[in-house]
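This note is addressed to a colleague who is meeting the structure for the first time. The points below may be read beside the sequence and the coordinates.

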Amino acid sequence: MADKEKILESWIMVEHLSEGDIDLKDRLMYKFDDLNQADYYDLFQQQLNKNKIGKNGGLVLYFDIFDFTKVVDFLRRIYGLKAPVESINYGNKFTLALYFDRDLNFDDKKTFYTESSYILKKQKVPNETEFQAVEQDLMDDKLQKIFEEANEVDSSQKSEKFNEAVAKVFDKCGFKQKTSRFQVVHNLETDATNLHSFFINDLEYAKGVDSENLRQYLLGNQAGKRINLDSKKDSPSFNPGAFKKVLEPKNYPLGRFPSETRYALSFMQQTAVNIATMATEANKQQIQSVNGPPGTGKTTLLKDIFAELVVEQARDIVGLGDDKAIKRNGLEISVLPDKITENSIVVASSNNGAVQNIVNELPLVENLDSKFKDIDYFRELSNSKVETEWENGKAKLNIEANEDPNKFWGLFSLEGGKSANMKQICDYLSACIPVLKRRLHSRHPGI
């Protein structure tokens, strides 16, 4: 197997096994010790009431909890991998999770079956098609039918039918109470989220893709010499010469995001920004990655990269000559060359919330240095709701001011993706045109 395919196979395996962790120390995770005569309904309601779980909350049943070390040991055997010298705690996984709302109605859309359980029970690593078939059969057939009657009966029969359904799951699947738990949660959408990887299909697809960018991303720069940017002085790989070259004045960006100037970039943040914005032909061909847990400054770093691209575009526009100008209404208007329009910025994520957070954060006035509080980049529009309305077959832009007219400093970022968001972007761009015309007219009254 080629190195590229080995890396992708390993990545896919990690993605498969990254779902479905369980924290047995969670104070809202309960055993079945207080179960009385198989009255699951009463036991669950007691804990829901005790913890004051509201309408957005509910309960999750976790069946067949096991030590993930068993799966790790199996994978080591089949792949011939040696165990590490140090002791590692791999935590716990579960086989199946069932979700119920505050009234203990079964939610079949949130049923979750773990792949680590499949591997442990079948003693084989499934391909994506095999696993999806097993999980789909479980959700669409067995479980849905078991809880169908319990969801539909009136309140007088609810507890009886619910208890029968839960008992049937234990019996049919061979689960035991001593290896199962239930958890009460205040918000079913955010407090007990178990998700399969978003990337497995893409990684499978990547196996058949042959591109230089993909090879460099997975294998590193094999054509040239790899430079190790290790900033730790006590490390054998410490490389001050490489940093000296990257941090030469000529490699610094022309612009910086107008954030609080007292919060300067850290040494490694500035190094990453310089590398990303260095004007070299090789740099334009690279995929670059910055890794780090939440709160380590990835967004802060991106802001300076964004600022550099905007400043570069402005400099290029100002420096345009007359050789590509067109005349209109007595004025010469330069045609934008490709080098100005090619630096588009797209922020993408498998998590919509992550995109929304960065899009909404970038234009916030509160994040600016006090010297830049008066920035006006279509400021009025950025603090307004803009949408197209139709009257008598004609489109009309409706602009309605938000409650806080000073929240944003300008139209720096907008959310894309779904068609409604793309339409909104077009509406905002359309609203910019009359603003630009008014500014042009104020400077050239005769136009």
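1. The model is a predicted one. The note begins with a single pair of residues: Asn92 in strand E5 is the bridge partner of Asp67. Strand E5 covers residues 92-93, and its pairing with E4 is antiparallel, over 2 bridges.

2. The pair belongs to an open sheet of 3 strands, whose order is E1-E5-E4 and whose pairing is antiparallel. Strand E1 (21-22) and strand E4 (66-67) are at the edges; each has a single partner strand, so one side of each has no neighbour in the sheet. As general background, the strands of a sheet are paired through hydrogen bonds of the backbone, in either a parallel or an antiparallel sense.

3. A further open sheet has 5 strands in the order E2-E8-E3-E6-E7, and here too the pairing is antiparallel. Its edges are strand E2 (29-30) and strand E7 (106-113); as each has a single partner strand, one side of each is left without a neighbour in the sheet.

4. At the E2 edge of this sheet, strand E2 is joined by 2 bridges to strand E8 (residues 181-185), and the two strands run antiparallel. Which residue of E8 stands opposite Met29? The residue is Gln183.

5. Strand E6 (residues 96-101) deserves attention. How many of its 6 residues are buried? The number is 5, and the strand is accordingly described as mostly covered. Strand E6 is joined to E3 by 6 bridges in an antiparallel arrangement, and it pairs with E7, again in the antiparallel sense, over 4 bridges.

6. Tyr99 of strand E6 links the description of these two pairings. Val60 stands opposite Tyr99 in E6, and Tyr99 in turn stands opposite Asp107 in E7. The reader may therefore follow E3, E6 and E7 as consecutive members of the order E2-E8-E3-E6-E7.

7. Several residues should be inspected for their backbone angles. In general, most residues other than glycine have a negative phi. Asp64 is not a glycine, yet its phi is positive, at about 55°; this residue lies in the loop between strand E3 (58-63) and E4. In the hairpin of E6 and E7, where 4 residues stand between the strands, Leu104 takes a positive phi near 60°.

8. Gln123 likewise has a positive phi of about 55° although it is not a glycine. Its place is the loop between helix H4 (115-122) and helix H5 (128-152). Is Gln123 buried, partly exposed or exposed? With a relative accessible area of 39%, Gln123 is partly exposed.

9. Strand E11 is joined to strand E12 (residues 394-401) by 8 bridges, and the two run antiparallel. Within this pairing, Thr388 has Leu397 in E12 as its bridge partner. The hairpin of E11 and E12 has 2 residues between the strands, and Asn392 in this hairpin takes a positive phi near 55°.

10. The surface carries a patch of negative charge, in which Glu387, Glu389, Glu391 and Glu400 gather. Which strand gives the most to this negative patch? Strand E11 (residues 384-391) does, with 3 residues. Glu387 lies in strand E11, and this residue counts as partly exposed because its relative accessibility is 30%.

11. A nonpolar patch is also found on the surface: Trp11, Tyr217 and Ile287 make it, and its area is about 280 Å². Tyr217 is located in helix H8 (residues 212-219). Its relative accessibility of 40% means that Tyr217 counts as partly exposed.

12. The last point concerns Leu429, a residue of helix H16 (residues 419-443). Why is Leu429 classed as exposed? Its relative accessible area is 54%, and exposed means over 50%. Leu429 and Leu411 are 18 residues apart along the chain, and 9.5 Å separates their C-alpha atoms.

Terms used:
Residues numbered from 1 in each chain as written. Predicted model: local features only at pLDDT ≥ 70, side-chain atom pairs only at ≥ 80, totals over all residues. Heavy atoms only, no water. Patch = residues over 30% accessible without salt bridge, like charges linked within 9 Å, V, L, I, M, F, W, Y side chains within 5 Å. Areas by Shrake-Rupley, 256 points an atom, 1.4 Å probe, with all protein chains shown as cover. Salt bridge = Lys/Arg side-chain N within 4 Å of Asp/Glu carboxyl O. Lys, Arg positive; Asp, Glu negative; His and termini not counted. Charge placed at Lys NZ, Arg CZ, Asp CG, Glu CD. Buried < 20%, exposed > 50% of the residue type's maximum accessible area, 1.4 Å probe, protein only. Pairing = 2+ DSSP bridges.
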